[in-house]
Amino acid sequence: MSAPLTIAHISDVHVTPVKELTTRQLNLKRTLGLVNWHRGRKHVHRADVAALLVEDMRAMRPDHVAVTGDLCNIGLASEYPAARAWLESVGQPRDVTVVPGNHDIYTRLRKHPGVELWRDFMSSDQSGAGVPGAGTAERGFPIVRHLGCVALVGVNSAIETRPFVAAGRVGARQLAALETVLKALAGRNVARIVLIHHPPLPGMAPRLRALSDAADLAVVLARAGAELVLHGHNHRDTLNWCDAPGGRIPVVGIASGSAARQHKGEPLARYNLIKVRPIETGWAIEMTGRGMLSPGGGIVDLDRQVLTQHAG
Ligand SMILES: [Fe+2]
Ligand SMILES: [Fe+2]
């Protein structure tokens with residue numbers, strides 16, 4: 001039986017500096033995003049808080065880190081290298097897997113590469129690239145990485161949207177590829193952990209913030225199976241379940257990794273440590289949250305949950 005493995009999950013750090021817009025970058029979505037950011041979010045998401053979490057996370061020595069998007073704020077060209085620098089503070093590209101969020105694929109970027117600057121954090125590894133379906137949809141998704149007893153499957157749900165819309169879409173092509181990947185991995189004795197920015201099931205977000213094809217994704221997950229889904233976007237700690245014939249799939253949403261104070265009911269910054277242990281009947285998956293109990297406080301254990309005792 002292969003060795004247990006620990007994955008740290010952090011999301012929605014919104015850590016990149018926001019500068020005033022130049023005429024070239026000016027459009028309605030960015031302008032409204034900038035106004036909104038000045039009104040609220042700039043007081044909430046703080047780089048020093050994210051750095052504190054990352055320092056604590058590194059001290060815990062997880063085997064791998066999963067980042068489920070929204071590193072950026074209003075998709076300015078200057079935000080992408082800044083986000084990359086933050087990713088490098090988390091770890092090497094081979095040890096950190098990223099999927100983009102709606103603030104990362106935000107609006108038109110003209111010729112700037114945008115999230116492509118993070119490609120080595122956002123690509124299949126050599127073994128994962130050989131899995132049928134891997135990398136066959138738009139932007140090279142879904143991505144697959146093999147880490148001992150775990151296969152990470154990264155899905156892109158971010159699309160450029162009009163102002164006031166934070167919705168996402170996986171798309172028919174990527175859904176088909178995801179189903180192929182999950183089915184191919186089913187026989188390989190690995191716990192399949194799906195990473196996606198938007199909440200993956202219907203009814204988990206209001207329409208203008210939701211995944212438009214969540215119902216189709218839920219069908220794919222139920223049909224192909226997975227052992228765990230990790231997502232961000234709502235900036236809240238949630239646990240939902242996706243019914244699947246092979247056993248219910250836990251779907252875990254997480255608070256922002258940089259929230260210095262509570263905002264609109266969103267909790268303070270946290271990350272999760274997810275321990276996957278192979279057992280006779282599948283995998284035991286246990287999750288420990290670490291973060292701040294009060295603004296300005298140190299990083300401590302917040303809670304512990306057993307997500308599943310036997311899957312697969
Ligand atoms: Fe976010
Ligand atoms: Fe988001």
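In the predicted model, Ala-8 of strand β1 has Val-65 as its bridge partner in strand β2. Across these two strands, β1 and β2 (residues 64-67) are paired in the parallel sense, with four bridges between them. Ala-8 also has a bridge partner in strand β10, namely Leu-273. The pairing of β1 with β10 (residues 270-279) is antiparallel and comprises five bridges. Strand β1 (residues 5-10) is largely enclosed by the rest of the structure, because five of its six residues are buried.

The register continues from β2 into β3, where the bridge partner of Val-65 is Val-96. Strands β2 and β3 run parallel and are joined by three bridges. These strands belong to an open sheet of six, ordered β3-β2-β1-β10-β11-β12, in which the pairing is mixed. The edges are formed by β3 (96-98) and β12 (299-308); each has a single partner strand, so one side of each is left without a neighbour in the sheet. From one strand to the next, the twist averages 20 degrees.

The largest nonpolar core contains 92 residues, of which Leu-53, Val-150, Val-153, Ile-193, Leu-195 and Leu-228 touch the most other members. Beyond residues up to four places away in sequence, Val-150 touches Leu-5, Ile-7, Val-190, Ala-191, Ile-193 and Val-276. Such an arrangement may be set beside a general tendency: in soluble globular proteins, nonpolar side chains tend to be buried together.

Helix α6 (residues 214-224) contributes the buried residues Ala-214, Leu-217, Ala-218, Val-220, Leu-221 and Ala-224. Because these residues cover an arc of only 160 degrees around the axis, they lie on the same side of α6. The buried residues of the helix pack against α5 (172-186) and against three strands, β7 (228-231), β8 (238-242) and β9 (249-253). Immediately after α6, Gly-225 adopts a positive phi of about 85 degrees.

Arg-277 is located in strand β10. This residue counts as partly exposed, because 16 C-beta neighbours lie inside 10 Å. When neighbours within four places in sequence are left aside, the contacts of Arg-277 are with Pro-4, Trp-283 and Ala-284. Between Arg-277 and Leu-217, the separation is 60 residues in sequence and 26 Å in space, C-alpha to C-alpha.

Technical notes: Residues numbered from 1 in each chain as written. Chains lettered and ligands numbered in written order. Predicted model: local features only at pLDDT ≥ 70, side-chain atom pairs only at ≥ 80, totals over all residues. Core = buried A, V, L, I, M, F, W, Y, C linked by C-beta atoms within 7 Å. Buried ≥ 20, exposed ≤ 12 C-beta atoms within 10 Å, placed from the backbone. Contact = placed C-beta atoms within 7 Å. Pairing = 2+ DSSP bridges. Arc of directions from axis to C-beta. Axes fitted to C-alpha atoms, helices over the stretch in contact; angles between N-to-C directions.
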